[in-house]
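I opened my notebook for a first walk through this structure. Below are my entries, in the order in which I looked things up.

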Amino acid sequence: MATEASCIFCKIIKNEIPSFKLIETETVYSFLDIQPTTVGHLLVVPKYHGAKLHNVPDAYLKDILPVTKKLAVSLGLDVDSPLGAGYNVLQNNGRIAHQEVDHVHFHLIPKRDSVTGLGVGWPAKQADMKDLAALHEELVRKLGDK
């Protein structure tokens, strides 16, 4: 486990700061958010201090989605109905992307109505197909180099 002495999430993981812990594995720690957007808003945090997702070794990411899924079920968010509850899994990287704590973390945010939970604006626009094809070609090439 790699930690940063001044990081609030590292301190929570090391039990230096109290939390409402939910699930802990060898690589992940989850707890209720103390500034929730709605009831049940929680965080799933790798036990490796990395500011952005690409800074965290894959081994510390392996439990993130299974733990998040288990927590969603425990919150009763597993009802498959278009009118039932939904939820967002959110992970931000960098201040410009709204990251407040420089330790990778995933929010599980229940969405039970149109007022509480996460509100998202999505400024989508129609892509230029030539530009999209060029980007696709570039990414496929870079992925092949790895």
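**Entry: Asn-15.** I began with Asn-15 in this predicted model. Is Asn-15 buried or exposed? Its relative accessible area is 57%, so I wrote it down as exposed, the cut-off for that word being over 50%. Next I looked up where Asn-15 sits, and found it in the loop between α1 (8–13) and β1 (21–24). I also checked its backbone: phi of Asn-15 is positive, about 60°, although the residue is not a glycine.

**Entry: the chain as a whole.** I then stepped back to get my bearings. How many helices and strands does the chain have? I noted 3 helices and 5 strands. Reading from the N terminus, I wrote their order as α-β-β-β-α-β-β-α. The C-alpha trace spans about 50 × 40 × 25 Å along its principal axes. The chain has 146 residues, and 30% of them count as buried.

I looked at contacts next. Taking those with a separation of 6 or more, I found that 51% join residues 24 or more positions apart. For the surface, I noted that the chain exposes about 9,900 Å², with carbon and sulfur atoms supplying 58% of that area. I also looked up the charges: there are 16 positive and 17 negative side chains. The centres of these two sets lie 1 Å apart.

**Entry: the cysteines.** How many disulfides does the structure hold? I wrote down 0. Cys-7 is in no disulfide, and its nearest cysteine sulfur belongs to Cys-10, 3.7 Å away. Cys-10 is likewise in no disulfide, with the sulfur of Cys-7 as its nearest, at 3.7 Å. Why does this pair not count? A disulfide needs the two sulfur atoms within 2.5 Å, so a pair at 3.7 Å is left out. I checked burial here too. Cys-7 has 6% relative accessibility and therefore counts as buried. Cys-10 is buried as well, with a relative accessible area of 1%.

**Entry: Gln-99.** My next stop was the loop between β4 (86–90) and β5 (106–111), where Gln-99 has its place. Is Gln-99 buried or exposed? At 2% relative accessibility it falls under the 20% cut-off, so I noted it as buried. What does Gln-99 touch, once residues up to four places away in sequence are set aside? My list reads Ala-51, Lys-52, Asn-92, Asn-93, Gly-94, Val-104 and His-105. I also found a polar atom of the Gln-99 side chain 3.0 Å from the backbone oxygen of Val-101.

**Entry: Asn-92.** I followed one of those contacts to Asn-92, which lies in the loop between β4 and β5. Asn-92 has a relative accessible area of 17%, so I put it down as buried. Not counting residues up to four places away in sequence, Asn-92 touches Ala-97, His-98 and Gln-99. Its side chain has a polar atom 3.5 Å from the backbone oxygen of His-98.

**Entry: His-98.** That oxygen led me to His-98 itself, also found in the loop between β4 and β5. Is His-98 buried or exposed? I noted 61% relative accessibility, which means that His-98 counts as exposed. Its phi is near 75°, a positive value in a residue other than glycine. I looked up one distance as well: His-98 and Leu-61 are 37 residues apart in sequence, and their C-alpha atoms are 21 Å apart in space.

**Entry: Arg-112.** I finished with Arg-112, whose place is in the loop between β5 and α3 (129–144). Its relative accessible area is 40%, so I recorded Arg-112 as partly exposed. Which residues does Arg-112 contact beyond its neighbours within four places in sequence? I listed Val-39, Leu-75, Leu-77 and Ala-85. With Val-39 I could add a detail: its backbone oxygen lies 2.9 Å from a polar atom of the Arg-112 side chain. My last lookup was a distance, with Arg-112 and Leu-53 being 59 residues apart in sequence and 28 Å apart in space, C-alpha to C-alpha.

Terms used. Residues are numbered from 1 along each chain as its sequence is written. This is a predicted model: local features need pLDDT of at least 70, side-chain atom pairs count only at pLDDT 80 or more; totals for chains, interfaces and linings use all residues. Side-chain values use heavy atoms; hydrogens and water are left out. Helices (H or I, at least four residues) and strands (E, at least two) are DSSP runs, numbered from the N terminus. Buried means under 20% relative accessible area, exposed over 50%, partly exposed in between (1.4 Å probe, protein chains only). A polar contact is a pair of N or O atoms within 3.5 Å; within protein, one must be able to donate a hydrogen and the other to accept it, and residues adjacent in sequence count only if both atoms are side-chain atoms. Contact means heavy atoms within 4.5 Å. Accessible areas come from the Shrake-Rupley method with a 1.4 Å probe; for residues, only the protein chains shown count as cover. Lys and Arg count as positive and Asp and Glu as negative; His and the chain ends are not counted. The place of a charge is taken as NZ of Lys, CZ of Arg, CG of Asp or CD of Glu.
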